[in-house]
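Biologist: I am new to this structure. Could you take me through it with short questions and short answers?

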Amino acid sequence: MSQYKFNRDHIKQSDMIGGYGAGKVLVAKQLREDLKELYFDGVEDFFYQAQDNITPMVSILKETFQTLWDDTRTDFTWTLPNGFRCHLKPVETVEITVNPFGQFPISMIAKAVAPSSRNTRLGVSIIHSCDGYVADEMVVRCNYNPDALLRTLVLVDEFLMMNQNHVATGYCDIISASVIERLEEEDLLDFTLDQLYTIRARCIKSLDYKPFPVKPIHDGFASHPNHDEVKCRIYSEIMAEITDGHLLESIIMQLSGKPMARIQGDLTGQMVRECSKYAVC
């Protein structure tokens, strides 16, 4: 294989659909389309081998998502750190027969919520829900509400002054900007002291720049060029929080109803903050 060199354009689409759970036939078809004259029979085997070597968690996650599927369920639900609830309802094409006024039967093809044996859609939905969380965080953090952050800052400062020995189990390891903007005094009891200081620092850091609007298009975020530096820093910070957090484990536990050990990896949030040269959105 040393005589072949493939770039990002050659494998990006195959890597994406393969990560979502597409089978070997679909991946081979995508590789044929993208590689063009470089394609040869069996190249998908080398693709999978390279994928396992470079991103071994992709295969593990695909298998994990598949094991979570229950072909008797008609609703899969999980909640993201910003409070948004996600619902996946399997929809199948079915044939139904009606008999209007008892005169004559009519058969119709319709879409209906029904148990399904096809399980790749759960992994795809989980991934897209996390994309949606990132998009919501970008919108809220870039175009934050100054009055809401100032109000939260005052609440936190007063609480810390009066409760220096406060102890809590922790609200969530990933603290959403949407949650920070709508905090009430009684909500502060759910956070640890470290988390409260994190919220305080986040408020102060946000108030250092003027809010600006962004227009998200899937995982791209358009804004005025003057805001690019701040926007990219915010994006990297969100990615770092997810890296250090337990978002995936939380979703899996919600779906399975069982505790799950922390997934250990070599990547850390600090590495994302310092080395995220690709985080230009």
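Biologist: Which side chain meets D45 in a salt bridge?
Modeller: A word first: this is a predicted model. The bridge runs from N to O over 2.8 Å. D45 sits in helix α3 (residues 43-54), and its partner sits in helix α2 (residues 24-35), 21 residues apart. The side chain that meets D45 is K24.

Biologist: Is D45 buried, exposed or partly exposed?
Modeller: Buried means under 20% relative accessible area, and exposed means over 50%. The relative accessible area of D45 is 40%. That value lies between the two cut-offs, so D45 is partly exposed.

Biologist: What about K24, its partner: buried, exposed or partly exposed?
Modeller: The same cut-offs apply: under 20% is buried and over 50% is exposed. K24 has a relative accessible area of 42%. K24 is therefore partly exposed.

Biologist: How many salt bridges are there?
Modeller: The rule asks for a side-chain nitrogen of Lys or Arg within 4 Å of a carboxyl oxygen of Asp or Glu. D45 and K24, at 2.8 Å, are one such pair. By this rule the count is 9.

Biologist: Which residue forms a salt bridge with R141?
Modeller: The N to O distance is 2.7 Å. R141 lies in helix α5 (residues 120-142), and the other side chain lies in helix α9 (residues 228-244), 100 residues apart. Both residues of the pair are buried. The partner of R141 is E241.

Biologist: Which residues are linked with R141 in a network of salt bridges?
Modeller: One link is the bridge between R141 and E241. The network also takes in two further residues beside that pair. With R141, the network links E137, R202 and E241.

Biologist: How many residues apart in sequence are the parts that D157 and R200 tie together?
Modeller: The two side chains meet in a salt bridge of 2.5 Å, N to O. D157 belongs to helix α6 (residues 146-162), while R200 belongs to helix α8 (residues 193-206). D157 is partly exposed at 25% relative accessibility, and R200 is partly exposed at 30%. The parts are 43 residues apart.

Biologist: Which residues make the nonpolar surface patch?
Modeller: The patch covers about 390 Å². Strands β3 (91-98) and β4 (106-113) each give two or more residues to it. Patch residues need over 30% relative accessible area, and V98 in β3 has 33%. The patch is made by I96, V98, F104, I106 and M108.

Biologist: In which sense do strands β1 and β2 pair, parallel or antiparallel?
Modeller: β1 spans residues 76-79, and β2 spans residues 85-88. T77 stands opposite H87 in β2. The strands form a hairpin with 5 residues between them, and G83 in the turn has a positive phi of about 95 degrees. Their 4 bridges are antiparallel.

Biologist: Which residue other than glycine has a positive phi near 55 degrees?
Modeller: Look in the loop between α2 and α3. The residue there has a relative accessible area of 57%. Over 50% counts as exposed, so this residue is exposed. The residue is K36.

Biologist: How many aromatic pairs does the structure hold, and how are the rings of Y209 and F212 set, stacked or tilted?
Modeller: The structure holds 6 aromatic pairs. The centres of the Y209 and F212 rings are 6.3 Å apart, and their planes meet at 55 degrees. Planes under 30 degrees apart count as stacked and those over 60 as edge-to-face. At 55 degrees the pair is therefore tilted.

Biologist: Which residue forms one aromatic cluster with Y209 and F212?
Modeller: Y209 is buried at 11% relative accessibility. F212 is also buried, at 1%. The residue that joins them in the cluster is Y144.

Biologist: What share of the chain's residues counts as buried?
Modeller: The chain has 11 helices and 6 strands. It exposes about 17100 Å², and carbon and sulfur atoms supply 56% of that. Buried means under 20% relative accessible area. Of the 281 residues, the buried share is 35%.

Note on methods
Residues are numbered from 1 along each chain as its sequence is written. This is a predicted model: local features need pLDDT of at least 70, side-chain atom pairs count only at pLDDT 80 or more; totals for chains, interfaces and linings use all residues. Side-chain values use heavy atoms; hydrogens and water are left out. Patches are made of residues with over 30% relative accessible area and no salt bridge: like charges are joined within 9 Å, nonpolar side chains (Val, Leu, Ile, Met, Phe, Trp, Tyr) within 5 Å. Accessible areas come from the Shrake-Rupley method with a 1.4 Å probe; for residues, only the protein chains shown count as cover. Buried means under 20% relative accessible area, exposed over 50%, partly exposed in between (1.4 Å probe, protein chains only). Two strands pair if DSSP finds at least two bridges between them. Rings of Phe, Tyr and Trp (its six-membered ring) pair if their centres lie within 6.5 Å; planes under 30 degrees apart count as stacked, over 60 as edge-to-face and the rest as tilted.
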